[in-house]
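User: Could you take me through the charged side-chain pairs in this protein? I'd like a proper look at who pairs with whom and how hidden they are, with a quick stop at the strand pairing afterwards.

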Amino acid sequence: MKLDHTKIKTLGELKAAGYQSKSIKDELRTNLLGKIASGEETFQGVWGYENSVIPELERAILSRHNINLLGLRGQAKTRLARLMVQLLDEWMPIVGGSEVHDDPLYPISRYATELIKEKEDETPIEWIHRDERFYEKLATPDVTVADLIGDVDPIKAANLKLSYADDRVIHFGMIPRANRCIFVINELPDLQARIQVALFNILQEGDIQIRGFKLRLPLDLQFVFTANPEDYTNRGSIVTPLKDRIGSQILTHYPETIEIAKKITQQEARLDQRQSEGIYVPDIAMEVLEQISFEARNSEYVDAKSGVSARMSITAFENLLSTAERRAIKSGDDKTSVRLTDFMGVIPSITGKIELVYEGEQEGAGFVAETLVEKAIKSIFPHYFPKIDKLQRKDAETEYDELIHWFFEGEGFDLLDEDTDDEYRSKLDSVTPLGALLKEYQPNISKEDSYFMKELLLWGLVAHKKLSKQRFVQGYQFKDLYGSYIRGL
């Protein structure tokens with residue numbers, strides 16, 4: 001039954017409207033069943049979890065469980081928790097002025113009980129929107145029991161002229177104030193063990209204990225915890241009795257395909273309107289960008305236990321567009337298209353997002369980042385052009401002989417960072433074998449994408465050690481591997 005929150009202002013009016021109390025877990029369960037029955041999407045904007053995490057999360061909600069989302073960083077754990085708010089009723093009535101969101105029909109605080117006893121059906125009612133029923137706390141070593149549950153407030157005792165034996169001197173912490181709400185504790189293992197112990201009673205019996213007070217406050221909460229598997233060994237752990245009290249532990253994961261990763265990046269990237277309208281991004285450029293994260297997760301230089309957050313691709317995409325935007329402004333172009341040479345602008349986004357193992361530290365973060373970009377290009381290359389075998393006969397003919405010969409006969413050519421679009425296209429068009437290869441293997445490619453694809457050909461041959469590439473202050477120089485040396489003899 002949907003009540004009109006704009007008209008119901010007193011307890012008597014609430015009763016007359018037929019309001020019935022229900023726990024938050026029943027509320028989530030009922031609304032989830034309705035969404036499933038109607039075929040409505042339950043967790044919008046979360047990609048790649050449709051057949052794994054989301055069904056498990058739905059089962060946990062239907063089972064009325066407190067939930068632990070376990071996974072590496074950047075796997076949308078907190079986002080899933082926040083989206084659970086959409087499964088709550090839009091408006092919830094509380095006793096007016098209550099600190100702990102007292103249910104008007106089943107009050108739990110002394111304040112609400114006495115107010116209803118005094119005013120009866122004239123007790124004022126307030127309405128809380130579901131967006132205000134989400135509480136979140138990051139677990140840090142300095143969190144105290146007083147922060148989460150509450151403590152005696154000497155200032156309140158002095159102002160009200162009450163002794164410390166009176167329960168009205170209690171200042172409630174975050175958890176009691178989140179009564180009838182979703183309460184999220186992020187990075188649970190970082191919470192000190194003694195603080196985790198303080199949660200036992202709340203999870204099992206649903207009530208709180210503060211200092212020496214004989215206080216029973218049966219709270220109604222939906223707990224969601226998030227944790228990183230690395231935390232179990234490196235920084236802390238979830239104490240066993242607390243794990244035992246959490247109904248469902250759900251494992252999250254990274255995107256399993258490039259297409260899913262692209263959706264996440266494009267959804268989450270914060271772009272200026274001028275970037276969206278003035279910079280064309282070839283689809284192949286997005287594939288290369290996402291492949292960098294896939295390469296990082298399998299790299300010998302990167303700590304796999306730490307993970308590679310989806311935020312790396314998001315910030316790299318933002319940097320990629322900013323690199324193209326800056327170049328276009330300096331060269332006087334109103335509009336431009338992303339180039340493969342622009343990918344050097346994403347290096348700072350990579351170096352700050354990966355944890356290196358010892359070998360990676362020895363090589364340096366910059367070297368590792370550039371290596372990941374080159375590996376991504378090498379992995380994407382065979383999807384569009386004939387594969388280059390690692391071992392080939394010395395005299396074997398390949399599809400790329402004409403292009404390699406072009407560089408062998410010439411002096412190579414430079415692609416400068418700040419070339420105008422016309423200069424950039426003119427230079428790539430001057431390498432005639434590039435056009436021939438594109439016509440043969442990518443005949444349906446659009447003109448807008450063709451220049452990025454030509455660059456991919458060059459970078460791909462460099463990655464397979466068929467050409468050489470050198471970075472200098474203003475751009476890149478592509479040359480053959482041995483021709484210049486032979487001509488110098």
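Analyst: Let's start with arginine 82, which counts as partly exposed because its relative accessibility is 45% (buried means under 20% relative accessible area, exposed over 50% and partly exposed in between, using a 1.4 Å probe and protein chains only). Keep in mind that this is a predicted model, where local features need pLDDT of at least 70, side-chain atom pairs count only at pLDDT 80 or more, and totals for chains, interfaces and linings use all residues. Residues are numbered from 1 along each chain as its sequence is written, and side-chain values use heavy atoms, with hydrogens and water left out.

The partner of arginine 82 is glutamate 136: the two form a salt bridge with their closest N and O atoms 2.8 Å apart (that is, a side-chain nitrogen of Lys or Arg within 4 Å of a carboxyl oxygen of Asp or Glu). This one reaches across the chain, from arginine 82 in helix α4 (residues 77–83) to glutamate 136 in strand β4 (residues 134–138), and the pair is 54 residues apart. Helices here are DSSP runs of H or I with at least four residues, strands are runs of E with at least two, and both are numbered from the N terminus. Glutamate 136 is partly exposed too, with 28% relative accessibility. In total, the structure holds 21 salt bridges.

For a local pair, go to helix α12 (residues 258–268), where lysine 262 and glutamate 259 sit three residues apart, about one turn of the helix. They form a salt bridge as well, with 3.1 Å between the closest N and O atoms. What is the relative accessibility of lysine 262? At 5%, lysine 262 counts as buried, whereas glutamate 259, at 48%, is partly exposed.

Next up is aspartate 421, whose side chain meets that of arginine 339 in a salt bridge (2.8 Å, N to O). Aspartate 421 belongs to helix α20 (residues 421–430) and arginine 339 to the loop between β11 (336–337) and α16 (347–351), so the salt bridge ties together parts that are 82 residues apart in sequence. Are the two partners buried or exposed? Aspartate 421 counts as buried at 8% relative accessibility, and arginine 339 is buried as well, at 1%. The pair also has company: a network of salt bridges links Arg327, Arg339, Asp342 and Asp421.

Now for the strands. Strand β1 (residues 67–70) sends Ile67 and Leu69 one way and Asn68 and Leu70 the other way, and all of them are buried. β1 pairs in the parallel sense with strand β8 (residues 222–227), over four bridges (two strands pair if DSSP finds at least two bridges between them). It is also joined by four bridges to strand β9 (residues 248–251), and those two run parallel. Asparagine 68 shows both contacts: it stands opposite phenylalanine 225 in β8 and opposite glutamine 249 in β9.

Further along, strand β13 (residues 467–472) and strand β14 (residues 475–480) pair in the antiparallel sense, over six bridges. The connection from β13 to β14 is a hairpin through two residues. If you want a marker there, look at arginine 471, whose bridge partner in β14 is tyrosine 476.
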